[in-house]
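Work through the exercises below with the sequence and the structure at hand. Each task is followed by a solution that goes step by step.

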Amino acid sequence: MKRFVVIASLLALAGCQSAGGGAEPYSVPVPAAQPPATAASNQSVVVQDQASQSKTYSKSDGTVVTKTTSSSAQATVDPGTATAFLAGVAAAAALGKQEERSSKPVVQVKDMVGGWTVYLNSDERVCELTLSTEPKDDGYSASFNHCMDGDLFFVSNWRMKGQELVLFDNFSRAKGSMRMTEWNRWEGQLASNSKAITIAR
């Protein structure tokens with residue numbers, strides 16, 4: 001009898017649910033609507049010449065997704081920085097020129113000792129010059145052979161003034177000066193008449 005009552009009760013309950021019976025139907029809870037996905041963060045990190053951007057999104061099911069993209073970096077330079085950059089470029093160029101000048105051979109006294117052929121271009125004459133390391137006045141002994149030019153005839157000593165070869169007479173008067181144009185070739189002019197003179201060997 002009890003079993004019959006229980007079965008009857010279950011059938012009545014089922015009938016009420018199928019007929020509506022005023023009870024609300026059971027449904028699975030639906031999560032509250034989520035707002036459209038928005039970027040939670042937007043960070044830019046510059047690494048050398050690249051920029052990396054990271055964006056974090058929240059999906060409707062609550063999952064957090066991070067997306068990273070890379071692009072070329074862009075930099076804004078203010079006038080002060082630009083001026084400093086140009087100054088650095090100018091300094092580097094000046095340093096390069098200085099290194100270029102210093103790369104030229106530095107001539108010493110010992111490099112000049114010995115015999116030289118003298119060319120007086122204006123007179124088409126050739127004679128000989130001998131330079132030694134024997135001390136003479138403020139420099140070293142020098143002598144010309146077969147040179148009839150008035151300036152060269154009285155030359156008795158020579159010395160280096162920086163990278164310039166200067167010839168002097170017994171009264172320490174400069175009679176001519178030359179600068180190296182090639183190794184073992186010097187060109188310049190005489191003191192009194194500015195005639196061109198070249199020595200080579």
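**Exercise 1.** Find the partner that Asp169 meets in a salt bridge, and decide how far each side chain is open to the surroundings.

*Solution.* Start from the rule that a salt bridge is a side-chain nitrogen of Lys or Arg within 4 Å of a carboxyl oxygen of Asp or Glu. In this predicted model, where local features need pLDDT of at least 70, side-chain atom pairs count only at pLDDT 80 or more, while totals for chains, interfaces and linings use all residues. Residues are numbered from 1 along each chain as its sequence is written, and side-chain values use heavy atoms, with hydrogens and water left out. The side chain of Asp169 meets that of Arg173, with 2.9 Å from N to O. Next, apply the accessibility classes (buried means under 20% relative accessible area, exposed over 50%, and partly exposed in between, with a 1.4 Å probe and protein chains only). Asp169, at 2%, is buried, whereas Arg173, at 48%, counts as partly exposed.

**Exercise 2.** Which residue forms a salt bridge with Asp151, and which parts of the chain does the pair tie together?

*Solution.* The partner is Lys175, and the closest N and O atoms are 3.4 Å apart. Asp151 belongs to helix H4 (residues 150–153) and Lys175 to strand S9 (residues 174–182), so the pair links parts that are 24 residues apart in sequence. Here helices (H or I, at least four residues) and strands (E, at least two) are DSSP runs, numbered from the N terminus. Asp151 is buried at 5% relative accessibility, and Lys175 also counts as buried, at 13%.

**Exercise 3.** Describe the salt bridge between Arg185 and Glu187, and then give the number of salt bridges in the structure.

*Solution.* The closest N and O atoms of Arg185 and Glu187 are 3.1 Å apart. Arg185 is partly exposed, with a relative accessible area of 29%, and Glu187 is partly exposed at 34%. The structure holds five salt bridges.

**Exercise 4.** Which residue does a disulfide join to Cys127, and what is the handedness of the bond?

*Solution.* Taking a disulfide as a pair of cysteine sulfur atoms within 2.5 Å, the count comes to one. This disulfide joins Cys127 to Cys147, at 1.6 Å from S to S. The torsion about the S-S bond is about 95°, so the disulfide is right-handed. Cys127 lies in strand S5 (residues 125–136) and Cys147 in the loop between strand S6 (139–145) and H4, so parts 20 residues apart in sequence are tied together. Cys127 is buried at 4%, and Cys147 counts as buried at 6%.
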